[in-house]
Amino acid sequence: MKKFLSFLFCCVLALGITGCGNDTDKIEDNSNSNNNNTVVSEEKIKEKEPLSLETPAGIVLIGSIHKDENGWYFTPEQPLNIKLTYYIDYPEIFDNVTRLEMLSDSEDGFDKTVYEKEVVTITGDVTNPRGAGTLYLVPYKINKGKTVKQSYAYPDLQPPMQEETDYDISELPEKMRPIIENNNYIYNPYLLGKEAIKYYGIEFAEFYIKFVDAYLNYETSVDCPNQGFADKLSVIINYESPMFIDSAFNSFDWYNEKNQTITWNYTKTEKQHNEIISIIKNASNGFLEGVKATDSEREKAMKIFSNFNKEMKYDYAALNTRNNIEAYYAYANHSGICVTFAIAYSQLLTQAGIENTTVSGNNSSGETHIWNLITIDNKNYFADTTYQISGTEDNPYYYFGMGMDARFNDGSGFDKNNVSIGKYAIKTINDISVSEKSIDDF
């Protein structure tokens with residue numbers, strides 16, 4: 001069973017996005033060609049001469065998609081000697097590669113059953129998440145057949161941008177609006193961030209409410225209109241709510257197309273389940289204490305930043321084990337690592353109606369880090385709860401409202417050209433207007 005933790009993996013994979021270029025302009029589209037469209041056995045592949053490819057991540061590969069007990073994987077038409085140069089000073093070399101792992105359909109957005117055991121040409125990123133030594137292929141485009149003469153590196157590849165949907169906030173269901181009592185914000189488990197609604201739409205928001213209702217009532221299924229909503233849900237719950245820590249599902253078969261339902265189970269008793277909900281509600285209300293509906297956007301974001309950071313401590317054990325790093329542990333244990341803090345702070349900002357998203361990057365030491373992008377008075381700034389927690393007591397807002405200049409010249413070693421912004425459609429700094437000045441400089 002797969003827990004709701006794919007977001008960390010996806011964020012790490014997103015770091016492979018580099019350079020600039022126009023998606024698949026280099027692709028010679030001969031998808032109707034029947035030439036060389038026969039799948040070759042792994043034994044025959046290993047007998048071929050390896051092809052050497054050097055790239056930060058982008059690549060075009062010919063081969064076939066398969067599935068076994070470990071999930072989906074890609075077999076290239078010939079062995080590959082891959083040199084990944086994302087870390088300029090520390091290139092990663094993989095020789096005689098005959099298998100690249102792939103994510104589930106819900107994680108990379110591709111229904112791979114329609115391509116299974118057929119020759120395909122994939123444009124996407126090859127990445128080695130967390131330096132674990134296992135290569136993953138993340139597709140941005142899949143063509144049936146051999147549409148290029150030979151696999152090749154595509155260093156300037158960028159993923160296609162997902163289109164935003166237009167919506168009027170007045171169209172949102174009543175349950176999906178911040179709760180305000182006596183001018184104070186109160187935790188609302190139904191909220192979705194503005195980014196989620198922009199990309200997934202009002203109809204999905206209405207379905208999400210039904211899912212939350214079912215979860216709160218300890219039910220194990222809910223009506224779901226289509227597979228697309230099920231796939232979106234499996235991604236969105238990672239970011240939008242800390243509640244689902246006691247829920248698990250199999251992303252391959254939790255949607256029943258015939259009955260149009262999704263089904264999940266629980267790892268806790270109903271009593272424990274209700275305790276989890278209570279913990280999150282009480283902790284959220286504590287972090288939202290003093291945040292008034294009449295406050296400015298800046299005041300709201302700053303108060304939450306301060307309330308949250310005062311309670312948090314960094315969990316160095318979790319950094320090594322990767323256990324207890326879900327956002328839930330920021331609420332329950334007041335501890336975690338960067339991804340814990342960034343997602344939890346994002347959720348709290350959503351509770352107060354502040355638009356925000358996450359930012360992922362690698363510093364000069366090659367360490368992955370995640371922080372936040374917040375929108376204040378229509379300007380975008382960075383906020384880093386992890387760095388703030390780590391020791392700037394003399395200024396409790398040092399890492400709040402940072403502009404481009406402050407963030408990329410603060411000694412942490414981040415390169416503005418190698419960060420990824422967004423939860424549902426990964427973008428670069430060039431795609432997002434981030435304020436050059438910090439919020440205190442205006």
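Is Glu101 buried or exposed? Glu101 is buried, with a relative accessible area of 15%. The model discussed here is predicted.

## A network around Arg99

Glu101 pairs with Arg99 in a salt bridge. Their closest N and O atoms lie 2.7 Å apart. Arg99 is partly exposed, and its relative accessible area is 28%. Buried means under 20%, so Glu101 at 15% falls in that class, while Arg99 at 28% does not.

Asp68 belongs to the picture as well. A network of salt bridges links Asp68, Arg99 and Glu101.

## Other charged pairs

How many salt bridges does the structure hold? The count is 13. Side chains of opposite charge can pair when their charged atoms come close.

One of the pairs joins Asp295 and Lys303. Here the closest N and O atoms are 2.8 Å apart. Asp295 is buried, with a relative accessible area of 13%. Lys303 is partly exposed, at 30%.

## A link between distant parts of the chain

Glu118 forms a salt bridge with Lys144. The closest N and O atoms in this pair are 3.9 Å apart. The two residues sit 26 residues apart, and the pair links distant parts of the chain. Glu118 lies in the loop between helix H3 (105–108) and strand S8 (119–127). Lys144 is in strand S9, which covers residues 136–144.

Are these two partners buried or partly exposed? Glu118 is partly exposed, with a relative accessible area of 32%. Lys144 also counts as partly exposed, at 39% relative accessibility.

## The nonpolar cores

Which residues have the most contacts inside the largest nonpolar core? They are Tyr208, Leu233, Ile236, Ile262 and Phe382. This core has 92 residues. Helix H4, residues 194–216, supplies the largest share of the core, with 14 residues.

A second core is separate from the largest one. This second core has 22 residues. Leu51, Ile65, Leu84 and Leu100 are among them.

## Around Ile262

What does Ile262 touch, leaving aside its neighbours within four places in sequence? Its contacts include the aromatic residues Phe207, Phe211, Trp254 and Tyr255. Val222, Ala230 and Leu233 are also in contact with Ile262. So are Thr220, Ser221 and Cys224. One of these partners, Leu233, is itself listed with Ile262 among the residues with the most contacts inside the largest core.

Terms used:
Residues are numbered from 1 along each chain as its sequence is written. This is a predicted model: local features need pLDDT of at least 70, side-chain atom pairs count only at pLDDT 80 or more; totals for chains, interfaces and linings use all residues. Side-chain values use heavy atoms; hydrogens and water are left out. A nonpolar core is a set of buried Ala, Val, Leu, Ile, Met, Phe, Trp, Tyr and Cys residues joined through side-chain atoms within 4.5 Å. Buried means under 20% relative accessible area, exposed over 50%, partly exposed in between (1.4 Å probe, protein chains only). Helices (H or I, at least four residues) and strands (E, at least two) are DSSP runs, numbered from the N terminus. Contact means heavy atoms within 4.5 Å. A salt bridge is a side-chain nitrogen of Lys or Arg within 4 Å of a carboxyl oxygen of Asp or Glu.
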